[in-house]
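Student: I am new to this structure and would like a close look at a single part of it. Please take one salt bridge, go through the residues that form it, and then follow the surroundings outward.

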Amino acid sequence: MAYTNKEKAACAEREVTQRKRVYGRWVETGKMKQEFADYQIAVMSEIAAEYRAKADEEDRAGRLF
C-alpha cells in the first residue's frame, strides 16, 4: 500500500514529538546519551520537513485558483 506524502509527514511529525518526550526521559535516566538523542530527533525532524514540503507542494499544485 502506498501512503501519501501528507500521511507520511503527519506520521513523521508525531514521531518527532514522541522522540522529544521519550528521549528526554531516557537521557535523564542515563539510558541514552544526549548527543544520540539530538541526532535521532534531528534526522526525524528533517524527514518530517521533507515530507511536509512535498505534501504542501502537492496541495498547491492541486489548487487551480
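Tutor: Arg19 and Glu15 join their side chains in a salt bridge, with 2.9 Å from N to O. The model is a predicted one, and every value given here is computed from it. Both residues belong to helix 1, where they sit four residues apart, about one turn of the helix. Side chains of opposite charge can pair when their charged atoms come close.

The two partners can be taken in turn. Arg19 has a relative accessible area of 13%, so the residue counts as buried, the limit being under 20%. Glu15, at 30% relative accessibility, counts as partly exposed. Leaving aside residues up to four places away in sequence, Arg19 touches Gly24, Gln40, Ile41 and Met44. Gln40, Ile41 and Met44 are among the buried residues of helix 2.

The helix that holds this pair runs over residues 5-28. At 1.5 Å a residue, its 24 residues should span 34 Å, and the end C-alpha atoms of helix 1 are indeed 34 Å apart. Along with Arg19, the buried residues of helix 1 are Asn5, Ala9, Ala12, Val16, Val22 and Tyr23. These buried residues pack against helix 2. Just after helix 1 comes Gly30, which takes a positive phi of about 85°.

Helix 2 covers residues 34-62. Its 29 residues should span 42 Å at 1.5 Å a residue, which agrees with the 42 Å between its end C-alpha atoms. The buried residues of helix 2 are Ala37, Gln40, Ile41, Met44, Ala48 and Ala55, and they pack against helix 1.

Some of the buried residues also belong to a nonpolar core. In soluble globular proteins, nonpolar side chains tend to be buried together. Here the largest nonpolar core has five residues: Val22, Tyr23, Met32, Ala37 and Ile41. At least two of the core residues come from helix 1, and at least two from helix 2. Ile41 in this core is also one of the residues that Arg19 touches. Another core member, Ala37, touches Tyr23, Val27 and Met32 when residues up to four places away in sequence are not counted.

The salt bridge between Arg19 and Glu15 can now be set beside the others, as the structure holds three salt bridges. Glu13 and Arg52 form one of them, with 2.9 Å from N to O. This pair links distant parts of the chain, since Glu13 is in helix 1 and Arg52 is in helix 2, 39 residues apart. Glu13 is partly exposed at 31% relative accessibility, and Arg52 is partly exposed at 24%.

Lys6 and Asp59 form another salt bridge, with 3.7 Å from N to O. Lys6 lies in helix 1 and Asp59 in helix 2, so this pair ties together parts that are 53 residues apart in sequence. Lys6 is partly exposed, with a relative accessible area of 45%. Asp59 is also partly exposed, at 29% relative accessibility.

What remains is the surface. Phe36, Tyr39, Val43 and Ile47 form a nonpolar patch there, and together they have about 360 Å² of accessible area. Val43, one of the patch residues, is placed in helix 2. With a relative accessible area of 35%, Val43 is partly exposed. Glu46 is found in helix 2 as well, and at 51% relative accessibility this residue counts as exposed. From Glu46 to Arg60, 14 residues along the chain, the C-alpha atoms are separated by 21 Å.

To return to the starting point, the salt bridge of Arg19 and Glu15 has both partners in helix 1. Its arginine is buried and touches Gln40, Ile41 and Met44, among others. Its glutamate is partly exposed.

Definitions and conventions: Residues are numbered from 1 along each chain as its sequence is written. This is a predicted model: local features need pLDDT of at least 70, side-chain atom pairs count only at pLDDT 80 or more; totals for chains, interfaces and linings use all residues. Side-chain values use heavy atoms; hydrogens and water are left out. A salt bridge is a side-chain nitrogen of Lys or Arg within 4 Å of a carboxyl oxygen of Asp or Glu. Buried means under 20% relative accessible area, exposed over 50%, partly exposed in between (1.4 Å probe, protein chains only). Patches are made of residues with over 30% relative accessible area and no salt bridge: like charges are joined within 9 Å, nonpolar side chains (Val, Leu, Ile, Met, Phe, Trp, Tyr) within 5 Å. Accessible areas come from the Shrake-Rupley method with a 1.4 Å probe; for residues, only the protein chains shown count as cover. A nonpolar core is a set of buried Ala, Val, Leu, Ile, Met, Phe, Trp, Tyr and Cys residues joined through side-chain atoms within 4.5 Å. Contact means heavy atoms within 4.5 Å. The expected span of a helix is 1.5 Å times one less than its number of residues.
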